[in-house]
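Please walk through this protein with the model open beside the text. Keep the sequence at hand as well.

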Amino acid sequence: MIRLDKLLANEGYGTRKEVKKLIRDGFVEINGEVCKKDDRKVDEENDQITIDGELVTFHKNVYIMMNKPEQTLCSNESTKYPSVLEYISEYAHRDLFTVGRLDVDTVGLLLITDDGDFAHHIISPSHHLEKIYEVHLQEAITDEMIEGLENGLEFKEFTSMPAKVEAISSHLIHLTIMEGKFHQVKRMLHAVGNEVVALKRLQIGNLVLDPSLQEGDYRELTQEEIADLLEG
Ligand code: URA
């Protein structure tokens, strides 16, 4: 159950103030009866709500895939850099947040949602959802470095789970990790004597960054993609 005014604002019918006015002015009907109480609790699944005779259809949650551009922040506020949420202003009426964080200078696959359980499922290391990064390196990759990355590395607050390394060329690898600790990829490469010069996330679980999305572009996930992530 959810408050009527919150539900209508979530669905984009106006700000909380605007929808309260619509309700008080008698434009909103629930199951065929005018409702002038903005705090009335409604059941999104079963109640039929109309505004000025038009049926309200519900999107329970929003799930977005973005190709995060450089120089953007995974935060709800813009400070020195703009928040990625500024790129999706058409959803500004929803309480969106990023699923985990990518660094300011990292690009690529970023999920944005208003579903806390979904976000927790993706982030939680216990679900062992793999994240694949394209890592451009300062120094050529060596067998010892690969061994270090694949064996797991000790940091102050955690030991990385064994990673997978695919060497694409001397200065480019695909690195698969399970966790998403602060600066994890950069710290892992630093720990084995290398440095990251550019970083892009390519994949989370089976979800691959849509190649048609340019940096800054986004689209909603399909129902199949959402279900697949939740099964992973
Ligand atoms: N690891 C990093 O070091 N940075 C990111 O943005 C993501 C993973």
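What follows goes from helices to pockets and then to single residues in loops.

The model is predicted. Start at the N-terminal part of the chain, with helix 1, which spans residues 4–10. L8 lies in this helix. Its relative accessible area is 0%, so L8 is buried. What surrounds L8? Beyond its neighbours within four places in sequence, L8 is in contact with Y13, V19, I23, V28, I49, I51 and V56. For a sense of distance, take E44. L8 and E44 are 36 residues apart in sequence, and their C-alpha atoms are 11 Å apart in space.

Move on to helix 3, residues 116–123. Which of its residues are buried? They are F118, A119, H121 and I122. These four cover an arc of only 160° around the axis, which puts them on the same side of helix 3. The general geometry is familiar. An α-helix has 3.6 residues a turn, so residues three or four places apart point the same way. The face turned away from the buried side carries D117 and H120, which are exposed.

Several elements cover the buried residues of helix 3. Among them are strand 7 (63–68), strand 8 (97–98) and strand 9 (107–113). Strand 10 (131–137), strand 13 (196–204) and helix 6 (223–231) are also included in this cover. Now look at the N-terminal end of helix 3, which is capped by D115. A side-chain oxygen of D115 lies 3.1 Å from the backbone nitrogen of D117. D117 thus appears twice here: its backbone nitrogen faces the cap, and the residue is exposed.

Helix 4, residues 143–151, comes next. M145, I146, G148 and L149 are its buried residues. Seen down the helix axis, they fall within an arc of 160°, so they line one face of helix 4. On the other side, D143, E144 and N151 are exposed. What do the buried residues pack against? Their partners are strand 11, strand 12 (172–177) and helix 5. Just after helix 4, G152 takes a positive phi of about 100°.

G152 leads to S160. This serine is found in the loop between helix 4 and strand 11 (164–169). Is S160 buried or exposed? With 4% relative accessibility, S160 counts as buried. Neighbours within four places in sequence aside, S160 is in contact with G152, L153, F155, E179, Q184 and M188. Two of these, Q184 and M188, fall in helix 5 (184–191).

Turn to the pockets. The largest has a volume of about 520 Å³. How many residues line this pocket? There are 27, and G100, R101, L102, G180 and K181 lie nearest its centre. Helix 3, strand 10, helix 5 and strand 13 each supply at least two residues of the lining. By class, the lining has 14 nonpolar, six polar and seven charged residues. Helix 3 therefore has a part in this lining, and strand 10 and strand 13 also help cover its buried residues.

The second largest pocket has a volume of about 230 Å³. Its lining has 13 residues, of which I2, N10, K60, N61 and R94 lie nearest the centre. Helix 1 gives the most to this lining, with three residues. The classes here are three nonpolar, three polar and seven charged residues.

Some loop residues remain. T106 is found in the loop between strand 8 and strand 9. At 1% relative accessibility, T106 counts as buried. Residues up to four places away in sequence aside, T106 touches K68, P69, K186 and L199.

Two residues have positive phi values without being glycine. D52 has a phi near 50°. D52 sits in the loop between strand 5 (49–51) and strand 6 (54–55). Its relative accessible area is 62%, so D52 is exposed. Q71 has a phi of about 60°. Q71 is found in the loop between strand 7 and strand 8. At 37% relative accessibility, Q71 counts as partly exposed.

Notes. Residues numbered from 1 in each chain as written. Predicted model: local features only at pLDDT ≥ 70, side-chain atom pairs only at ≥ 80, totals over all residues. Heavy atoms only, no water. Buried < 20%, exposed > 50% of the residue type's maximum accessible area, 1.4 Å probe, protein only. Arc of directions from axis to C-beta. Contact = heavy atoms within 4.5 Å. Polar contact = N/O pair within 3.5 Å; in protein donor to acceptor, adjacent residues only side chain to side chain. 1 Å grid on protein atoms, 1.4 Å probe; cavity = no way out; pocket = protein on both sides within 12 Å on 5 of 7 lines; lining within 4 Å. Points joined across faces, edges and corners; volume = space filled by probe spheres on them. Nonpolar A, V, L, I, M, F, W, Y, C, P; charged D, E, K, R; others polar.
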